[in-house]
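Colleague: I would like to learn how to read a model like this one. Could you take me through it?

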Amino acid sequence: MSSNYCSSTLRRSIIVLLMIFALAGCGGGGGSATPPPVADTPPPPPVITKTQLQEAARFASQATFGVPFEALEPMARQGAEDWLTQQFALPVTRHSPTIVEILQRREAGEFDAFEEDIEYLIFARRLAWWHNTITAEDTLRQRVAFALSQIFVVSDNVDILEVYPGALGTYYDLLLTNAFGNFRDLLAAVTRSPAMGIYLSHMNNQRSNPDAGTFPDENYAREVMQLFSIGLFELNADGSRRLDGAGRAIPTYDNSDIGEFAKIFTGFSFGGEGAFFGNNDDPRFSVPMQMFDAAHEPGEKRLLNGFVVPAGQSGDADVEMAIDNLFNHPNVGPFIGRLLIQRLTTSNPSPAYMTRVSNAFADNGNGVRGDMQAVIRAILLDPEARQSAPGDTRGKVSEPVVRYVSLLRQIGVESDDGFIAALGYFLQNETRQHPLSSPSVFNFYLPDHQPAGALAQRDLFAPELSITNANTVIAWPNFLDAVLLGSFVTDPPQGFSEVRLTPDRWLAIADDPAALVDEINTLMVFGRLYPETVDAIIESITPYEEAPLRVALAIYYVAISPEVVVQQ
Amino acid sequence: MLNRRRFLTHSCSLGAALPTLGSGLLGLAAMREAAAQQADYKALVCILLAGGNDSYNMLVPTDTDQYQQYAGIRSDLALPISDLLPLTLSGTDGRQFGLHPGMSALQTLVSNGDASLIANVGTLLEPFDPVAVNEGRSELPVGLFSHADQIQQWQTAVSDNRTAIGWAGRIADRMQASSPSNGVSMNISLSGSNVFQSGNNSTEYSISAAGNGAVAINEYNNPDFFGTNRRTALDRILSTPANNLIEDEYRRRFRAAIDQQLIFSEAIAQAPTIATAFDTANPLAAALAQIARVASVNASLNAPRQTFFVTVGGWDHHDEVINNQARMLPIVANALADFRAILGELGLFDSVTTFTISDFARTLTSNGRGSDHGWGGHHIVMGGDVNGGQLFGEYPILSPTSSLDVGRGVYAPTTAIDNYFAELALWFGVSRGDLGDVLPNVTRFYDTSSADAPLGFLTL
């Protein structure tokens with residue numbers, strides 16, 4: 001067993017952490033081990049109401065990968081704003097160190113008995129993702145990084161990215177580290193990432209060669225505009241399209257712009273010691289791609305909004321100017337803002353909500369553009385995200401990966417060796433989602449996916465419904481059945497301990513079905529279960545007297561309900 | 001009168017045990033008898049090669065002059081002429097063509113008259129006119145060269161707007177009115193939700209290639225206490241209409257999937273075991289075999305018309321196009337040959353027309369390792385009603401100065417997708433009067449009152 005692994009159960013560590021936050025948040029008030037002076041007893045902390053607990057649970061559904069019931073009260077006391085401040089300050093739980101540790105165990109022969117070909121190389125980054133996402137204290141950062149991984153898409157469906165564990169591990173760390181930084185740095189780091197260079201093929205992309213009749217690869221040039229920064233059409237701050245005099249949407253770029261940006265993204269290859277252009281055989285994923293000016297397209301490049309990159313400068317200088325050109329485009333705030341809102345709070349932000357987030361992107365209050373912390377605050381603290389009044393269009397279908405991790409963190413998990421091992425293949429097979437495993441650069445679903453019927457009639461979007469079909473909508477409850485009522489909690493490879501659920505808190509109140517369901521309802525659905533659902537669950541679980549079965553069934557019913565799947 | 005879904009729900013809430021789904025209860029036996037007399041079954045099978053197949057390396061001109069042009073323009077992406085599989089095609093004005101070396105199975109299908117090729121099809125809003133394009137007075141598809149838009153337009157047949165309604169969805173809207181007669185959609189997908197099969201009032205029924213295609217919710221059909229207890233609870237949980245539109249849509253899909261699985265499973269259980277040996281490790285072959293099984297029980301599903309949709313992804317070969325196509329094109333060709341054999345075994349080959357679509361073909365010029373996003377591309381049609389062994393449409397004369405070349409060897413389409421799809425829709429049974437509703441821009445390219453077929457590749 002490794003000392004780096006979580007040594008106690010996850011639930012306990014999260015509770016302790018949140019208690020520490022709570023103390024800090026109240027200036028070290030209640031809960032201190034030192035008895036307060038008798039003569040000066042501070043007033044008892046105000047009682048946290050059930051509604052406040054439900055609101056904390058709802059906030060957690062938007063800002064975390066799940067918290068246990070015990071965390072709700074400290075979160076409610078602390079308030080969303082202070083909680084964010086503390087999450088921003090937490091050290092980054094990077095995934096690469098975990099990958100390195102697994103590879104060291106592999107090198108030491110620990111998995112030799114099970115090894116088939118290259119399996120544990122492929123497993124390493126998946127194991128690291130699940131263990132870290134399930135156990136990390138910086139759960140806001142992990143949640144935002146997962147959202148970013150669905151904007152800046154790279155995928156293990158490209159062989160080289162699957163079999164070199166450092167490729168996607170380093171990439172995810174890049175998203176984690178930049179999640180609370182500045183968007184410009186994030187865009188630049190993604191652009192120079194070797195994983196992205198492989199995925200969108202600007203790695204080893206070379207200047208045009210008139211003799212051979214070859215031209216720069218346009219792949220990254222197109223997608224960095226269409227998907228990673230400005231989108232297809234000029235936008236207003238409220239997310240609506242700007243229109244020309246004839247009432248038509250205005251394209252942000254045309255094919256000649258793509259050709260110009262394609263020239264910018266020439267000359268990159270793997271970096272590191274002894275680097276050379278055209279290196280295909282000796283991948284170095286732990287360092288950014290290196291620019292080789294000899295392979296970089298010379299001459300000026302005419303970018304967006306009339307900006308001209310002058311001839312005769314280095315490739316690196318070209319790239320920096322191009323990143324600035326994109327970053328300063330007025331579309332970035334509303335374009336990226338909407339994508340992040342869709343991942344965290346709602347599929348259909350109002351124009352006012354969009355404007356507030358766009359404004360936060362444009363200026364964090366101190367004149368800084370692209371401050372991710374300001375954007376995340378604006379998204380999560382917005383009245384539209386925080387208000388609890390029901391609306392018939394708000395919220396979103398919770399992503400399968402978020403649903404599953406949240407469930408594990410809410411119930412609590414443990415294993416003999418402290419490592420929470422999962423490969424995620426089972427989930428992926430059943431739900432069509434796994435981190436960094438999208439079928440294409442267009443992610444698992446499109447932001448403008450609009451199901452026919454009532455949603456289309458109201459012009460509403462619901463991206464995640466495009467992976468919710470007759471097949472997957474049944475597979476999800478069956479998956480939960482296996483997790484909660486079968487012997488399967490996660491899918492670890494051989495050589496790793498089985499993961500167990502630790503619903504101790506609920507086992508203790510299992511003799512009161514109504515109280516049990518009420519508590520799960522508060523944590524997972526913020527008290528939103530319909531009365532008929534509550535009654536149905538209580539009546540179904542009451543005949544089962546064994547506490548583990550009763551608790552597992554209660555969780556199953558709540559977790560499969562439309563009320564919990566659609567986060568609102 | 002209770003409709004089928006309400007009847008099912010009702011009987012469940014009474015706690016009726018359904019150990020095996022009695023045909024008597026579902027009334028399927030009678031329905032099957034009625035439907036079995038429906039002799040005129042037809043199915044369309046759409047294979048989406050997602051990402052933009054570089055089809056100028058799938059179908060290559062092999063006359064000396066045209067091959068030299070091809071080799072010159074494609075430079076390092078050109079396939080050696082000696083590797084190309086010769087085709088004997090009619091309809092080429094004497095021009096010679098060869099297939100990608102990995103597609104010998106398709107070569108056989110074409111020479112047997114089971115399949116044909118359609119040249120240089122793409123999204124258009126008006127017949128391509130290079131002068132008009134240069135002068136900026138040409139109407140061009142929205143988001144030309146962009147995956148997201150082009151892959152969508154190939155499914156919607158609408159290139160002047162963004163819509164999420166596909167042309168098979170529009171057909172289903174008409175053919176099955178507000179709801180499918182027995183609860184399972186006539187549009188069946190092996191690749192989940194998709195635009196092609198999404199209508200205003202109809203959606204796809206998603207199945208998998210594995211087993212019988214549709215799984216039941218665990219315990220739901222078990223007659224013991226554990227099963228009936230769970231079934232009662234689930235039915236109640238799904239009974240409350242949600243006060244949120246997204247949530248209600250999820251609830252509706254969940255409920256419908258449970259009900260449809262009961263109907264679908266009983267139907268497909270009657271499908272014959274396929275005797276034809278096919279490559280089960282080929283995912284497209286496995287999907288097509290499942291499609292054949294579903295088609296064989298069309299009467300039980302009360303579906304005289306069905307569309308099927310399956311995606312084969314990973315064709316965006318900016319890099320390694322040569323190696324990747326060498327790996328992937330045989331998967332397509334071999335799966336088509338397996339499918340043809342299975343359909344023959346089941347007596348369905350004349351009733352099923354299979355066709356490919358793809359975002360676009362790719363730049364004929366190279367980026368040094370692969371090719372970038374293009375426009376018009378070549379496609380495969382297969383079926384007993386296909387006029388086989390032919391090339392339809394116009395294969396461009398390749399030349400660096402071709403007036404069709406809009407830059408970097410991107411060839412503008414010489415046949416609009418509207419014509420391609422009009423032929424398929426007419427064969428499927430869409431009336432000429434309804435053609436404009438199913439394919440909103442078709443009259444830009446085809447006179448729907450014409451006695452001539454749009455392209456002529458099907459026996460209409």
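Modeller: Gladly; we will look at a strand, an interface and two backbone angles.
Modeller: This is a predicted model, in which local features need pLDDT of at least 70, side-chain atom pairs count only at pLDDT 80 or more, and totals for chains, interfaces and linings use all residues. Residues are numbered from 1 along each chain as its sequence is written, while chains are lettered from A and ligands numbered from 1 in the order in which they are written.

Colleague: Is strand β8 (residues 305–312) of chain B mostly covered or uncovered?
Modeller: First, the terms: helices (H or I, at least four residues) and strands (E, at least two) are DSSP runs, numbered from the N terminus. A residue is buried if 20 or more other C-beta atoms lie within 10 Å of its own, exposed if 12 or fewer, and partly exposed in between, with C-beta atoms placed from the backbone. Here β8(B) is mostly covered, with eight of its eight residues buried.

Colleague: Which way do the residues of β8(B) point?
Modeller: In a regular strand, side chains alternate between the two faces of the sheet. In this case B:Arg305, B:Thr307, B:Phe309 and B:Thr311 point one way, and B:Gln306, B:Phe308, B:Val310 and B:Val312 the other way.

Colleague: Which strands pair with β8(B)?
Modeller: Two strands pair if DSSP finds at least two bridges between them. Strand β1 (residues 42–49) of chain B runs parallel to β8(B), joined by eight bridges; B:Leu48 has B:Thr311 as its bridge partner. Strand β6 (residues 187–189) of chain B also pairs with β8(B) in the parallel sense, over three bridges, and there B:Asn187 partners B:Thr307.

Colleague: How many residues of chain A are in contact with chain B?
Modeller: Contact requires C-beta atoms, placed from the backbone, to lie within 7 Å. By that rule, 60 residues of chain A are in contact with 60 residues of chain B. The elements giving two or more residues to chain A's side include α12 (219–226), α22 (472–484) and α25 (531–541) of chain A. The largest share, six residues, comes from α22(A).

Colleague: What is the sign of phi in B:Asn302 and A:Asn443?
Modeller: Most residues other than glycine have a negative phi. Phi is positive in B:Asn302, near 55°, and in A:Asn443, near 65°. B:Asn302 lies in the loop between α11 (283–296) and β8 of chain B, and counts as buried because it has 21 C-beta neighbours inside 10 Å. A:Asn443, in the loop between α20 (425–431) and α21 of chain A, counts as buried because it has 20 such neighbours inside 10 Å.

How values were computed: Two residues are in contact if their C-beta atoms, placed from the backbone, lie within 7 Å.
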